Amino acid sequence: MEDEPVNRYFQLPEDPGELSCWRYFSVYVDCRLPKRQLEHYYRTGQFGSCDLQQHNFNECISLRLKRYEISKARLDQLTERRASLKAEQEARHVWIRRTGPPPPPWGPSERD
C-alpha cells in the first residue's frame with residue numbers, strides 16, 4: 001500500500017516474532033464500538049472511519065503469517081516509512097508565524 005496511514009500509538013518491534021496483534025485488535029474493536037461511533041457522529045456529524053485501525057490490524061496479521069525473512073524486511077520498511085512520516089508531521093507547523101501584530105478586529109475605519 002503506497003499511502004499507508006501513520007500509526008502514532010504503537011512502536012513496532014525490531015523482531016517480527018515479538019509482534020503481538022492483540023493491541024491492534026483491541027484498538028480496532030474499540031473504534032467500532034457504538035459509543036465511539038456516536039461520539040464521532042456528535043463531534044463531526046458523520047460516523048467514524050476505522051480504516052487506520054483496520055489497516056494496522058490487517059498489517060499485523062499479515063506480518064505474523066509470513067515467513068520470518070519476509071516479515072523482517074516488511075517490518076523494516078514500515079519502521080522507516082513511519083519514521084519519515086513522523087518527521088514530516090513534526091516539521092509541519094500548526095500556527096502561521098506573524099511578522100507583526102494582528103490587525104485590529106474592529107477595522108481601521110471604525111476607531112478613527
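## Leu33 and a nonpolar patch

Leu33 has a relative accessible area of 37%, so this residue counts as partly exposed. In this predicted model, Leu33 sits in the loop that joins helix H1 (22-32) and helix H2 (34-44).

Leu33 also belongs to a nonpolar surface patch, which it makes together with Trp22, Phe25 and Val29. The area of this patch is about 410 Å². Two other members of the patch can be described in the same terms. Trp22 is exposed, because its relative accessibility of 66% is over 50%. Phe25 is partly exposed, with a relative accessible area of 35%.

## Aromatic rings

Four aromatic pairs are present in the structure. One of them is formed by Trp22 and Phe25: the ring centres are 6.0 Å apart and the planes meet at 85°, so the pair is edge-to-face. A pair of this kind is described by two values, the distance of the centres and the angle of the planes.

Both Trp22 and Phe25 belong to helix H1, where they are three residues apart, about one turn of the helix. Together with Tyr28 and Phe57, they form one aromatic cluster.

## Cavities

Two cavities of 30 Å³ or more turn up when the whole structure is searched. The second largest has a volume of about 30 Å³.

Which residues line the second largest cavity? They are Leu12, Leu19, Tyr24, Asn56, Glu59, Cys60, Leu63 and Arg82. Helix H3 (residues 51-65) supplies the largest share of this lining, with four residues.

Methods. Residues numbered from 1 in each chain as written. Predicted model: local features only at pLDDT ≥ 70, side-chain atom pairs only at ≥ 80, totals over all residues. Heavy atoms only, no water. Patch = residues over 30% accessible without salt bridge, like charges linked within 9 Å, V, L, I, M, F, W, Y side chains within 5 Å. Areas by Shrake-Rupley, 256 points an atom, 1.4 Å probe, with all protein chains shown as cover. Salt bridge = Lys/Arg side-chain N within 4 Å of Asp/Glu carboxyl O. Helix = DSSP H or I, 4+ residues; strand = E, 2+ residues; numbered from the N terminus. Buried < 20%, exposed > 50% of the residue type's maximum accessible area, 1.4 Å probe, protein only. Phe/Tyr/Trp six-rings, centres within 6.5 Å; stacked < 30°, edge-to-face > 60°. 1 Å grid on protein atoms, 1.4 Å probe; cavity = no way out; pocket = protein on both sides within 12 Å on 5 of 7 lines; lining within 4 Å. Points joined across faces, edges and corners; volume = space filled by probe spheres on them.
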